[in-house]
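User: I'd like to learn how to read a structure like this one, feature by feature. Could you take me through it?

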Amino acid sequence: MAKLTADHLPRGSETLPHPLNTVISKPKGVNVTTETVGTHTGSPVAVLPALQRIVDELPFVTSVRDAATLLQELEIMARQVEATKSLLAAQVYSANLHRSDGYVKVSSWARSVARLSARQANDLSIAARLIADYPEVGRHYFAGTIAPDHVRRLGALHQNKRVTAHVAEFMPLFLEWA
């Protein structure tokens, strides 16, 4: 995949530095900050060499402990990739970037752009809203210490109009349990 440059961005956009060392675009005049979704260390690109190492080690797995170690590493990498997608969607949600492309909802944008099912796009949208409002969830998610299922459950709770106002006081406890 070619590195994204300013030539690949939509007309009327400008480039921004991003904490994951990627290039993102935004419509001119829209204020986007990394504080919106929090800052996350590491890079999803770092997953690729680690994944190649695991693929190279597969023929040499001789014990259940080796297999368990590799499976745990793979799960953390998968969580980092899922978290990165959610972080991107949170950035799009926070800055309303999807609206400049004609989409009313982030889930519609994600479904169209990434060819996701309605369920996958909805889950991504729920995670994006949760991470936009609670950056600490994004940090845990990217670190691999919280599973995608837990993020979906917390996001559903966050969307519930009857409890949304009270979620903040319990979020540290929820993250500890997850």
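User: Let's begin with the second largest pocket: what volume does it have?

Analyst: Happy to start there. This is a predicted model, and in it the second largest pocket has a volume of about 180 Å³.

User: Which elements give two or more residues to the lining of that pocket?

Analyst: A good habit is to go from the residue list to the elements. The lining includes Glu82, Lys85, Gln120, Asp123, Tyr141, Pro148, Val151 and Arg152. Two or more residues come from each of α2, α5 and α7. The largest share belongs to α5, which supplies 4 residues.

User: How many helices and strands does the chain have?

Analyst: The chain holds 8 helices and 2 strands. Reading from the N terminus, the order is β-β-α-α-α-α-α-α-α-α.

User: And which residues have the most contacts inside the largest nonpolar core?

Analyst: The general idea first: in soluble globular proteins, nonpolar side chains tend to be buried together. Here the largest nonpolar core has 28 residues, and Leu130, Val137, Val151 and Met171 have the most contacts inside it. At least two residues of this core come from each of α2, α4 (106-114), α5 (118-133), α6 (135-143), α7 (148-159) and α8. The element that gives the most is α5, with 7 residues. Look at Leu130 as an example: beyond its neighbours within four places in sequence, Leu130 is in contact with Val137, Val151, Leu154, Gly155, His158 and Met171. Notice that Val151 is also on the list of residues lining the second largest pocket.

User: What share of the residues in the chain is buried?

Analyst: Of the 178 residues in the chain, 35% are buried. You can set beside that the contacts between residues at least 6 apart in sequence: 53% of them join residues at least 24 apart.

User: How do I check a helix such as α2, and what should its residues span?

Analyst: Compare the expected span with the distance between the ends. At 1.5 Å a residue, the 32 residues of α2 should span 46 Å, and the end C-alpha atoms are 46 Å apart, so the two agree. Just after α2 comes Asn96, with a positive phi near 55°.

User: Is Arg79 buried or exposed?

Analyst: The cut-off for buried is under 20% relative accessible area. Arg79 has 19% relative accessibility, so Arg79 counts as buried. This residue lies in helix α2 (residues 64-95). Leaving aside neighbours within four places in sequence, its contacts are Tyr141, Gly144, Thr145, Ile146, Ala147 and Pro148. Of these, Tyr141 and Pro148 also appear in the lining of the second largest pocket.

User: How many aromatic pairs are there?

Analyst: The count comes to 1 aromatic pair. Phe170 and Phe174 form it, with 6.2 Å centre to centre and 35° between the planes, making the pair tilted.

User: Why might two residues of a helix point the same way?

Analyst: An α-helix has 3.6 residues a turn, so residues three or four places apart point the same way. Phe170 and Phe174 are separated by about one helical turn because they are 4 residues apart in helix α8 (residues 164-177). As for Phe170, its relative accessibility is 38%, so Phe170 counts as partly exposed.

User: And where is Pro172?

Analyst: Pro172 also sits in helix α8. With 55% relative accessibility, Pro172 counts as exposed. From C-alpha to C-alpha, Pro172 is 9.0 Å from Glu136, although 36 residues separate the two in sequence.

Terms used:
Residues are numbered from 1 along each chain as its sequence is written. This is a predicted model: local features need pLDDT of at least 70, side-chain atom pairs count only at pLDDT 80 or more; totals for chains, interfaces and linings use all residues. Side-chain values use heavy atoms; hydrogens and water are left out. Rings of Phe, Tyr and Trp (its six-membered ring) pair if their centres lie within 6.5 Å; planes under 30 degrees apart count as stacked, over 60 as edge-to-face and the rest as tilted. Buried means under 20% relative accessible area, exposed over 50%, partly exposed in between (1.4 Å probe, protein chains only). Contact means heavy atoms within 4.5 Å. The expected span of a helix is 1.5 Å times one less than its number of residues. A nonpolar core is a set of buried Ala, Val, Leu, Ile, Met, Phe, Trp, Tyr and Cys residues joined through side-chain atoms within 4.5 Å. On a 1 Å grid over the protein atoms alone, a cavity is a set of points where a 1.4 Å probe fits but cannot get out, and a pocket is an open set with protein on both sides within 12 Å along at least five of seven lines; lining residues have an atom within 4 Å of a point. Grid points are joined across faces, edges and corners, and a volume is the space filled by probe spheres set on the points.
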